[in-house]
Amino acid sequence: MTGPTEVVRIPILPLGLVNAHLVVGAAGAVLVDAGLPDTERAVEKVLRFRGMNWSDIRLIVITHAHIDHAGNAARLRELTGAPVCAHEGDAQHYRQRERMTFCATGTFGRLFFRTGLIQRAYTPFEPDLLLKGEEVLDLAPYGIAGRVLPTPGHTCGSLSVVLHDGQALVGDLVSSGVLLGGIVMTGTSKSPPFEDDPHQVADELERLSSDGSTTFYMGHGGPLPKAEVLRHVGRLRTTSRRQGLN
Ligand SMILES: [Zn+2]
Ligand SMILES: [Zn+2]
């Protein structure tokens, strides 16, 4: 049985700089993204505030392998006992066996890359549910009316959580605000600091919009309405700026 679902932002860092999200249904919750290493207190605070415990998290979905989304997955799996769902496109990064590529989308990305923060290692883990190719995971068994589906482009193994009521959690497919994201101007879309393939990102955002997603929750800044996401798609289609850093 699935009922209404609520998306709750978890401030991994304040001001919308880095977000994880809790999708809360009648029978428990799905955690979308694990946040930076050692930030479990931020998740615990939101759970406590809602009168929930670690064991209320029934599934952890990791949108992609960047450290600000996957860095605390191993720890949160321990605390919750919940399985971790991810896509095989990023699996070697979750295992920490391969370095990621970082294609900067602008000056901030290039400067941020040089700090080395984004490339730091985190505790490796093997996802319990590894989606392959275009495989989709139905969230009904976890009490949520929605699906986890592959939306490659930011990284090749990027996933989104798409709810039947029009809410979508898209990781870093789109971002908003300034610098890393958040802070101010959170209603204005932009690309995250790094993005493997802007054209693929545009395709995926457009597909989600035409399939019924109306509100987009993101790892940095947000949330954004569909119209603003489509404005971003338009910009992605007219700019061709791919700059590999390694
Ligand atoms: Zn990312
Ligand atoms: Zn991110």
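The lining of the largest cavity splits into six nonpolar residues, five polar ones and one charged. This is a predicted model, and the cavity is a handy place to start on it. The volume of this largest cavity comes out at about 40 Å³, and the count of cavities of 30 Å³ or more stops at one. Rolling a probe the size of a water molecule over the atoms is what shows where empty space is left.

As for who sits around that space, the lining takes in Asn 19, Ala 20 and His 21, along with Val 32, Asp 33 and Thr 63. Leu 169, Val 170 and Gly 171 also line the largest cavity, as do Tyr 217, Met 218 and Gly 219. Strand E2, which covers residues 18-25, gives the most to this lining, with three residues.

One of the lining residues, Asp 33, has a backbone quirk too. Its phi is positive, at about 80 degrees, although Asp 33 is not a glycine. Asp 33 belongs to the loop that runs between strand E3 (28-32) and helix H1 (40-49). The loop between E3 and H1 also holds Asp 38, where phi is again positive for a residue other than glycine, near 65 degrees. Are these two aspartates buried or exposed? Asp 33 has a relative accessible area of 3%, so it falls under the 20% cut-off and is buried. Asp 38 has 67% relative accessibility and therefore counts as exposed, the cut-off here being over 50%.

Another backbone oddity turns up at Gly 222 and Pro 223, which are joined by a cis peptide bond with omega at about 0 degrees. Pro 223 is placed in the loop between strand E13 (215-217) and strand E14 (224-225). For context, most peptide bonds are trans, and most residues other than glycine have a negative phi.

Then there is the nonpolar packing. The largest nonpolar core runs to 40 residues. Which residues have the most contacts inside it? They are Ile 10, Leu 22, Val 43, Ile 57, Ile 62 and Phe 125. Taking Val 43 as a case in point, and leaving aside residues up to four places away in sequence, this side of the picture features contacts with Ile 10, Ile 12 and Leu 31, plus Trp 54, Ile 57 and Leu 76. A second core, separate from the largest, has 18 residues, among them Leu 59, Leu 139, Val 148 and Leu 159.

Technical notes: Residues numbered from 1 in each chain as written. Chains lettered and ligands numbered in written order. Predicted model: local features only at pLDDT ≥ 70, side-chain atom pairs only at ≥ 80, totals over all residues. Heavy atoms only, no water. Core = buried A, V, L, I, M, F, W, Y, C linked by side-chain atoms within 4.5 Å. Buried < 20%, exposed > 50% of the residue type's maximum accessible area, 1.4 Å probe, protein only. Contact = heavy atoms within 4.5 Å. 1 Å grid on protein atoms, 1.4 Å probe; cavity = no way out; pocket = protein on both sides within 12 Å on 5 of 7 lines; lining within 4 Å. Points joined across faces, edges and corners; volume = space filled by probe spheres on them. Helix = DSSP H or I, 4+ residues; strand = E, 2+ residues; numbered from the N terminus. Nonpolar A, V, L, I, M, F, W, Y, C, P; charged D, E, K, R; others polar.
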